[in-house]
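Colleague: I've got a structure open and I'm new to this. Could you walk me through it, one question at a time?

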Amino acid sequence: MSRPRSERPRPTTILSHLGVMVVVSAVLGVVVSGLAIPFAGVMGFAARNVADTTDDLPQELEISALPQRSTVFASDGSVLATIYDEDRIEVKLPKISRTMIQALVSIEDYRYYQHGALDVKGTVRALMTNLGSGGVVQGGSSLTQQLVKQTLLNSAQTKEERLAVTDDTYARKLKELRYAIALEKKHSKDWILERYLNTVYFGDGTYGIQAAARHYFGVNARKLNLNQSALLAGLVQNPSAYDPTDNRDRAIVRRDVVLDRMAQLNVITQAEADATKQKKLQLNIQPRSNGCVSTQAEFFCDYVMEYLRNDKSLGSNKTERDRLLRTGGLKIYTTVDLADQRAADDSVTNNVRATDQAIGALAMIEPGTGNVKALAQSRPMGRKKKQGETYLNYTVPSQYTESNGFQAGSTFKAFVLADALEKGIALSDTFPAPSQGTFNYADYENCADAPTYGGGTFDFPNSVSSSGVENLYTGTRKSINTFFLNLEKETGVCDPYNLARDMGVRLTCPETDSCPNVSPERVPNFTFGVADVSPLEMAEAYATFAARGEHCAARPVLEIKDASNRSLKKYPERCSQVMKETTADAVNDVLRGVIEGGFASAQQLGVPAAGKTGTTGNSGGYSPSVWFVGYTPALATASMIAGANEFGTPITLDGQVINGRSVSASGSGLAAPMWGDAMKVIDLPYEDFVAPTTVPGYGATSVYVPRAPSGGGDGRGRGGRGRG
């Protein structure tokens, strides 16, 4: 009995299917009775045109490396983060469950190993089924043809290119078929199947069989059982529709279709199929993390990614380098110590709340290697500003973040102290340290090729009492402002400035450029830390003292390996001696007094340690940031708390409510306790500093060093940036 007219195939549908047969005949040169001949009269002209165009098609498909996720490792070998555009882990065919391979071939292309690039029998079957139904019910594409389409989609860079790959035209189908023929000529069936299983999308953000096996079941691809294999094989047809995380019932139905097909082909018995169909999906969804958010070291991870994006050896531009990081399947081995990181995180979050009008930040570096051990800040990574979240990394230099940093206050006095010792000034030498001083700009020497600071005077006070005359020990430990302005008359401004740069502080211009003749930071009050810097820079600089004058550039990455586990690049230590060992020894001897009886005596560790407080101020008299940079021979840590609103704009710390209490800003009262909370829980080796016995004036601590008075006393640098 004939079907109603409404259910009959339309003439355009019939011609469409006839066109498919013409394409088949034209490409393969097949003239088979009942296949091409009956349509010759209807489509002869089209057939001649199709045949003519086949000679102009490209002969070979360009096979490029598949995008794979990159993995970032902590120093103990644990996974810190995964970075990817497509969550994929390539795996060889022998590493894939035989059951999985059988399930996929059964449902997608059961004659895969019997036919060539085109399954003529399957195509005819699909054609007849579709003609009978009046629409597209079955597809006739072989696995090789499917791989061609997936490969073209992966290589499409624009929306237009992606539309061209999926466009339902004979030209596109003919192109794919020609590519498939070339692919089977060049590669074995096993190679094509392996490539397919590593290419295809399995839904819920997973690409390739290994990533899918781990995500859905928490196993490797070689361990997939019948139930798991049938589910994954069924996803290929429509990953969104059968996604078991969203459509569990439809996923079960599709899994059962695969099981029945395997039984029909005698790959498994019907009893095995029926028994498996009685089981639940037994999913064990493994959460996937892409990027640095919510990792154990969010801002260290962010620093690593920016550090590598800035590495010109990894690509000609940042876009190219970023693509390598997200698609290259790299293994990135870093220096972060997760125990140190936990100590830093706990200390920061216990001292400064995420929603406080302040930012707490810590950076830790290993002296003698430059290995960055931890980076932590009080504002977590994210977009919710009302919850204190941010993507700004306040721990690292501005070249790796959009934060410009904060003034470091009197921590810069250590650079003037070190340069004075380099010039032969004795530890016992004394300089005037009045409670209030008037100073002439003309008394300060700039670099030889730079203009002088001109005439005029400026006034500067102290925050603590002084005997009026101090030596290098007492003037530094009490952080006497007027003492350092007088000491800087002897050193000049140029050499301490250049020494700070040699120690890792990025002042005015990058390390690769020559500094301009006029610098807003190279001024007489340079010693008060008027430059904007990051905790990482200050930790790197003070690690130089800990390493007896050997500066090692901050190093967050040890090595990168490619997807084949071959070393792509190693990052060796970059160290150089920037001051005499005895100079560093003398600085250490001076600065250990800040902890051993000085302003930061409450932060004694049980192992020898040294450090320097810092509190910044501007011409308005308020304090936007406080610092403590302290170190042992094994670890240097910079602690900073800076006043900042929700947008990161600097504001005063004085009177702010931080961690539930109103504060009066001082390095010893705020930053030093945060430093101590982190350092006291780290297992630090007992190692003493080398005594500077040959340095003139060693041991001349003749003036009593009082503890910091309540609310401050570490020497605030008031008066702005000065002139010049």
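Modeller: Sure! One term before we start: two residues are in contact when heavy atoms lie within 4.5 Å. Also keep in mind that this is a predicted model.

Colleague: Which residues does Leu-308 touch, leaving out those up to four places away in sequence?

Modeller: Leu-308 belongs to the largest nonpolar core, where Leu-308, Phe-412, Met-538 and Tyr-631 touch the most other members. Leaving out residues up to four places away, the contacts of Leu-308 are Leu-314, Arg-321, Leu-325, Ile-332, Val-557, Ile-560 and Tyr-571.

Colleague: And how many residues are in the other core that lies apart from the largest one?

Modeller: The largest core holds 135 residues. Apart from that one lies another, with Met-100, Ile-209, Ile-268 and Ala-273 among its members, and its count is 49 residues.

Colleague: Is Thr-334 buried or exposed?

Modeller: Thr-334 sits in strand β3, residues 331-334. Its side chain reaches the backbone oxygen of Phe-73 at 2.7 Å. Buried means under 20% relative accessible area. Thr-334 has 1%, so the word for it is buried.

Colleague: How many of the ten residues of helix α10 are buried?

Modeller: What covers the buried residues of α10 includes α3, α9, α11 and α12. Leu-226, Gly-234 and Leu-235 are among those buried residues. The helix is largely enclosed by the rest of the structure, because the count of buried residues is ten of the ten.

Colleague: What kind of aromatic pair do Phe-412 and Phe-526 make?

Modeller: The whole structure has 23 aromatic pairs. For Phe-412 and Phe-526, the ring centres are 5.2 Å apart and the planes meet at 65°. Planes over 60 degrees apart get a particular name, so this pair is edge-to-face.

Colleague: How many residues apart in sequence are the parts that this pair ties together?

Modeller: Phe-412 lies in the loop between β6 and α16, while Phe-526 lies in the loop between α19 and β11. Both of these residues are buried. The pair therefore ties together parts whose separation in sequence is 114 residues.

Colleague: Last one: which residue has its ring under the charged end of Lys-189?

Modeller: For a charge to sit over a ring, NZ of Lys has to be within 6 Å of the ring centre. The charged end of Lys-189 is 4.2 Å from the centre of the ring in question, and that ring belongs to Tyr-112.

Notes: Residues numbered from 1 in each chain as written. Predicted model: local features only at pLDDT ≥ 70, side-chain atom pairs only at ≥ 80, totals over all residues. Heavy atoms only, no water. Helix = DSSP H or I, 4+ residues; strand = E, 2+ residues; numbered from the N terminus. Buried < 20%, exposed > 50% of the residue type's maximum accessible area, 1.4 Å probe, protein only. Polar contact = N/O pair within 3.5 Å; in protein donor to acceptor, adjacent residues only side chain to side chain. Core = buried A, V, L, I, M, F, W, Y, C linked by side-chain atoms within 4.5 Å. Phe/Tyr/Trp six-rings, centres within 6.5 Å; stacked < 30°, edge-to-face > 60°. Lys NZ or Arg CZ within 6 Å of the ring centre and 35° of its normal.
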